[in-house]
Amino acid sequence: MLTVWVWILDQVIKKLAINKLAGQKPVYYLNEKISFSLVKNRGAFLGWLKDKPAYLHVLTILSIVMILVIGIPYWTSGKGKWTGIGLALMLGGALGNYTDRIRRGYVVDYIAFAPKHDVHFNLADFAIFKGVFLVFIGKWIGK
């Protein structure tokens with residue numbers, strides 16, 4: 001269920017970002033520590049593989065399948081709570097960004113942080129990062 005909520009919230013926020021930020025200059029908050037602007041990312045992180053969309057699609061699908069294969073035993077057994085939550089967040093984020101790739105041909109990014117206001121993220125990215133962190137925590141606690 002967490003995966004579905006991450007995916008839905010990610011898509012809603014991206015739609016808002018498109019509606020509110022398209023054609024606008026960056027908007028800064030907290031003494032210019034955070035900025036919001038619309039970025040159409042045709043690659044993965046930092047534009048990686050933007051010139052090879054077929055590879056990016058294959059890698060994304062493989063990642064989603066791998067998360068499912070690893071995650072299903074955690075989700076069905078109730079064991080490894082933190083690892084299961086982490087995998088659910090990763091899956092929701094991966095599905096959110098992949099939905100953009102299929103629907104729009106690019107991923108909608110909209111938030112950046114000082115001092116690098118040229119590196120943009122979205123909710124799906126945060127879910128993936130947090131998910132990876134929780135998987136590591138879950139594996140560490142489990143030992």
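Here are four short exercises with worked solutions, all based on a predicted model.

**Exercise 1. The largest core**

Task: Find which residues make up the largest nonpolar core, and which elements each supply at least two of them.

Solution:
- Step 1. Start with the members: Ala 17, Leu 21, Ile 34, Tyr 106, Val 108, Tyr 110, Ile 111, Val 119 and Phe 121, nine residues in all.
- Step 2. Sort them by element. Helix α1 (2-21) and the strands β3 (107-113) and β4 (116-121) each give at least two residues to this core. The largest share, three residues, belongs to β3.
- Step 3. Look around Tyr 110. Beyond its neighbours within four places in sequence, Tyr 110 is in contact with residues including Ile 13, Lys 14, Ala 17, Leu 21, Phe 36 and Phe 121.
- Step 4. Now view the core from helix α1, where Leu 21 sits. Leu 21 counts as buried because its relative accessible area is 11%, and the cut-off for buried is under 20%. Leaving out residues up to four places away in sequence, Leu 21 touches Leu 16, Phe 36, Ser 37, Leu 38 and Tyr 110.

**Exercise 2. Two residues in helices**

Task: Decide whether Val 4 and Thr 83 are buried or partly exposed.

Solution:
- Step 1. Val 4 belongs to helix α1. Its relative accessible area is 41%, so Val 4 is partly exposed.
- Step 2. Put Val 4 in its surroundings. Together with Met 1, Trp 5, Trp 7, Ile 8, Val 12 and Leu 16, Val 4 forms a nonpolar patch on the surface, with a combined accessible area of about 700 Å².
- Step 3. Turn to Thr 83, in helix α3 (residues 81-104). At a relative accessible area of 3%, Thr 83 is buried.
- Step 4. See what Thr 83 meets. Apart from neighbours within four places in sequence, Thr 83 is in contact with Tyr 74, Leu 134, Val 135, Gly 138 and Lys 139.

**Exercise 3. Following the strands**

Task: Work out how β2 is joined to β1 and to β3.

Solution:
- Step 1. Strand β1 (residues 27-29) and strand β2 (residues 34-41) run antiparallel and are joined by three bridges. On this side, Val 27 has Phe 36 of β2 as its bridge partner.
- Step 2. Check the connection. β1 and β2 form a hairpin with four residues between them, and Leu 30 in the turn has a positive phi of about 55°.
- Step 3. Move on to β3. Six bridges join β2 to β3, again in an antiparallel arrangement. Here Lys 40 has Val 108 of β3 as its bridge partner.

**Exercise 4. Salt bridges around Lys 14**

Task: Trace which acidic residues pair with Lys 14, then look at the pair Lys 116 and Asp 118.

Solution:
- Step 1. Recall the principle: side chains of opposite charge can pair when their charged atoms come close. A search of the whole structure finds four salt bridges.
- Step 2. Lys 14 pairs with Asp 10, with the closest N and O atoms 2.9 Å apart. Both lie in helix α1, four residues apart, about one turn of the helix.
- Step 3. Lys 14 also meets Asp 100 in a salt bridge (2.9 Å, N to O). This pair links helix α3, which holds Asp 100, to helix α1, with their positions 86 residues apart in the chain.
- Step 4. Check exposure. Lys 14 is buried at 0% relative accessible area, and so are Asp 10 at 0% and Asp 100 at 0%.
- Step 5. Widen the view: Asp 10, Lys 14, Asp 100 and Arg 104 are linked in a network of salt bridges.
- Step 6. Finish with Lys 116 and Asp 118, whose salt bridge has an N to O distance of 3.9 Å. Lys 116 is partly exposed at 47%, whereas Asp 118 is exposed at 55%.

Technical notes
Residues are numbered from 1 along each chain as its sequence is written. This is a predicted model: local features need pLDDT of at least 70, side-chain atom pairs count only at pLDDT 80 or more; totals for chains, interfaces and linings use all residues. Side-chain values use heavy atoms; hydrogens and water are left out. A nonpolar core is a set of buried Ala, Val, Leu, Ile, Met, Phe, Trp, Tyr and Cys residues joined through side-chain atoms within 4.5 Å. Buried means under 20% relative accessible area, exposed over 50%, partly exposed in between (1.4 Å probe, protein chains only). Contact means heavy atoms within 4.5 Å. Patches are made of residues with over 30% relative accessible area and no salt bridge: like charges are joined within 9 Å, nonpolar side chains (Val, Leu, Ile, Met, Phe, Trp, Tyr) within 5 Å. Accessible areas come from the Shrake-Rupley method with a 1.4 Å probe; for residues, only the protein chains shown count as cover. A salt bridge is a side-chain nitrogen of Lys or Arg within 4 Å of a carboxyl oxygen of Asp or Glu. Two strands pair if DSSP finds at least two bridges between them.
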